[in-house]
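Visitor: I am in my first year, and I would like to understand one part of this structure properly. Please choose a single spot, take a close look at it, and then follow its links outward at an unhurried pace.

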Amino acid sequence: MEVKKSPKADLEGKKSTWLLVGFVLILAAMFVAFEWTERDKQVTTDTGITEPTFEEEMIPITEQEEQKQAPPPPEAPKVEEVLQIADNNANVEESTIQSTEDNNTAVEIKYVPVEVEEEEPEEQQIFQVVEEMPEFPGGMAECLKFISKNIKYPTIAQENGVQGRVIIQFVVNQDGSIVDPVVMRSVDPYLDKEALRVIKMMPKWKPGKQRGKAVRVKYTVPVTFKLQ
């Protein structure tokens, strides 16, 4: 026995129709999506910030009042000089002025000389420190070698066991010569005397220079006496 279905209840007959409707809707949606652009958007440049408005404030002009000048003080009344004429019989005391010529006394004029401090010329000035200090020929090592070679230990100092370091200060002239040696630190009179003798024997040094010019410079050298 065949089962007959009603044409209204048959869903298979409308399946193809709904499928086509679905394709149409999908294509319409895709078309709208591709055609949608940014041109439809409007960009506004209004930031909401308004330029401030400045109102000019009118400042009233103040005028300075002219200072009233005080009236000048009244002139003092003039006092007329009245000459008093003395009587011929009036007693008038006469005063006499005595001059030094009448007394035969001479006026003494004393001359007080003005002391003028003369500046020491640069050539005679002795410097403590200069741009280029004096130097022994060959350097300080040669200087100490010269002293040890020429020194003679005093016999009395050796017998008494005296030893130490004598400090000698002298002046190196512009020509390099050694002058005015003095003992700055003494150990023993005999050792001091021997140290001065050796310093005076030194050859000419290389003079010190200040601003490229040779000058006199003070220099200090130690002379050591040591017993073996």
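Guide: Let us begin at Asn173, which lies in the loop between strand S2 (164-172) and strand S3 (178-185); helices and strands here are DSSP runs, H or I over at least four residues for a helix and E over at least two for a strand, numbered from the N terminus. This is a predicted model, in which local features need pLDDT of at least 70 and side-chain atom pairs count only at pLDDT 80 or more, while totals for chains, interfaces and linings use all residues. Residues are numbered from 1 along each chain as its sequence is written, and side-chain values use heavy atoms, with hydrogens and water left out.

Asn173 has a relative accessible area of 14%, so it counts as buried; the word means under 20% relative accessible area, whereas exposed means over 50% and partly exposed anything in between, with a 1.4 Å probe and protein chains only. Its side chain is joined to that of Arg216 by a polar contact of 2.8 Å, a term for a pair of N or O atoms within 3.5 Å, where, within protein, one must be able to donate a hydrogen and the other to accept it, and where residues adjacent in sequence count only if both atoms are side-chain atoms. If we leave aside the neighbours within four places in sequence, Asn173 is in contact (heavy atoms within 4.5 Å) with Val179, Pro207, Val215 and Arg216.

Val215 leads us into strand S5, where it stands opposite Gly208. Strands S4 and S5 run antiparallel and are joined by three bridges, two strands being called a pair if DSSP finds at least two bridges between them. These two strands form a hairpin with two residues between them, and Arg211 in the turn has a positive phi of about 60°. S5 has further partners: nine bridges join it to S2, again antiparallel, with Ile168 opposite Val221. Strand S1 (residues 126-127), by contrast, runs parallel to S5 and is joined to it by two bridges, and there Phe127 has Val217 as its bridge partner.

The rings come next, and the structure holds six aromatic pairs; rings of Phe, Tyr and Trp (its six-membered ring) pair if their centres lie within 6.5 Å, and planes under 30 degrees apart count as stacked, over 60 as edge-to-face and the rest as tilted. The ring centres of Tyr153 and Phe225 are 5.6 Å apart and the planes stand at 85°, so this pair is edge-to-face. Because Tyr153 lies in the loop between helix H3 (140-150) and helix H4 (155-159) while Phe225 belongs to strand S5 (residues 213-225), the pair ties together parts that are 72 residues apart in sequence. Both Tyr153 and Phe225 are buried. Trp205 and Tyr219 make another edge-to-face pair, with 4.9 Å from centre to centre and 65° between the planes; Trp205 sits in the loop between helix H5 (189-200) and strand S4 (208-210), and Tyr219, 14 residues away, in S5. Trp205 counts as buried at 3% relative accessibility, and Tyr219 also counts as buried, at 18%. Ring pairs link Trp205 and Tyr219 with Phe136, Phe146 and Phe170 into a cluster.

Phe146 brings us to helix H3, whose buried residues are Cys143, Phe146 and Ile147. Seen down the axis of H3, these residues fall within an arc of 95°, taken from the directions from the helix axis to the C-beta atoms, so they line one face of the helix. Ala141, Ser148 and Lys149 are exposed, on the face of H3 turned away from the buried side, whereas what covers the buried residues includes H5 and S5.

In H5 itself we find Ala195, which counts as buried at 0% relative accessibility. Without the neighbours within four places in sequence, Ala195 is in contact with Val166, Ile168, Val223 and Phe225, so that our path from Asn173 ends at residues already met, among them Ile168, the residue opposite Val221.
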